[in-house]
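Student: I'm new to this structure and would like a close look at one part of it. Could you pick a spot where helices meet and walk me through it?

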Amino acid sequence: RTSGAQPRHVTARVAPLGSRLVLALVEDRTRERRVDSIRRDFVANVSHELKTPVGAIRLLSEAVHDASDDPEAVERFAGRMLKESDRLTHLVQQIIDLSRLQGDEPVAQPKPVAVDEVVAVAIDTSAIDAQAKGITVVPGGEAGLFLSGSQEQLTIAVSNLVANAVAYSREGSSVLVGVRGLDDTVEIAVTDQGIGIPADDLDRIFERFYRVDPARHRSTGGTGLGLSIVKHVAATHGGEVRVWSVEGQGSTFTLTLPRSVANLSEESS
Ligand code: ADP
């Protein structure tokens, strides 16, 4: 820099504007750097998370190869390979869901979405896992309500909440998916009688890749992305997601979302 004098003079004359400008630039750079660092962290996390199932599949295929004359072992290794590839598919799907939602752009063309259908699909998506643990998932509350937004996104969000409720519940317990119409919103509450979440973790569970207990995680096959997807869907719909939980007793997650205007006028006519 050689032309120091002139800009300094100009800056002094227009001090308020100049300092505001500098402040804005500094804030901009700081935000840019933060976004950059979040992106780098995300890529590092994604790579790490992808490596685990890919590495396992690689080892298992070697094991299958080596055990070709032992049909029982082949079957065992193949079963584990299937599980690992399911985990990989789930992770890739969640990364795609999340990347579509980033930026929290409001839903481009919100449409009326039948809550009953969203809940039914969400329950259906977890049916196999629920059945395997003897968990009953019960829909309840008001029927016939409509939300305004994206059916695909809303189904993903509610499915993630139901999947978590099932994953973190004890065998034989129940999960309730309750629907309630408020003035201009609809509340969908997913309540489980599961392991609950420690109070210290409640603030952090909506962060990407955050898990209360990474060790426990391996067995549930979770990705740590489900709740951040739910948070983004709430944001793109101008709604919110909240959680109440008591460790050892269970959790309730509520999604409060804008009600469809079409539905409101239908009711008032
Ligand atoms: P994951 O794929 O690990 O379930 P999420 O983002 O959906 O990722 O959830 C983040 C963490 O929050 C989970 O790892 C789990 O520790 C905790 N969690 C989420 N839902 C529940 C629930 N219903 N009961 C207990 N813990 C939960």
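Tutor: Here is a walk from the whole chain to one helix pair, and then to a neighbouring topic, a covered helix. Keep in mind that this is a predicted model. The protein chain has nine helices and seven strands, and buried residues make up 37% of its 269 residues. Take the contacts between residues at least 6 apart in sequence: 73% of them join residues at least 24 apart.

Now zoom in on helix α4, residues 115-125, and helix α6, residues 151-167, whose axes come within 8 Å and cross at roughly 45°. An angle like that falls outside the parallel, antiparallel and perpendicular ranges, so α4 counts as oblique to α6. The crossing of the two, α4 and α6, is right-handed. Who does the touching? On the α4 side it's E117, V118, V121, A122, I123 and T125, and they meet Q151, L154, T155, V158, S159 and V162 of α6. Sorted by class, that α4–α6 contact has seven nonpolar residues, four polar ones and one charged one.

Helix α6 turns up again when you look at helix α8: α6 is among the elements covering the buried residues of α8, and so are α3 (71-101) and the strands β6 (240-246) and β7 (250-258). Helix α8 spans residues 226-236 and is mostly covered, with nine of its eleven residues buried. Those buried residues are G226, L227, S228, I229, V230, H232, V233, A234 and T236. After α8 comes G238, with a positive phi near 65°.

Note on methods
Residues numbered from 1 in each chain as written. Predicted model: local features only at pLDDT ≥ 70, side-chain atom pairs only at ≥ 80, totals over all residues. Heavy atoms only, no water. Axes fitted to C-alpha atoms, helices over the stretch in contact; angles between N-to-C directions. Helix = DSSP H or I, 4+ residues; strand = E, 2+ residues; numbered from the N terminus. Parallel < 35°, antiparallel > 145°, perpendicular 65-115°, else oblique. Left-handed = near helix turned anticlockwise from the far one by under 90°. Contact = heavy atoms within 4.5 Å. Nonpolar A, V, L, I, M, F, W, Y, C, P; charged D, E, K, R; others polar. Buried < 20%, exposed > 50% of the residue type's maximum accessible area, 1.4 Å probe, protein only.
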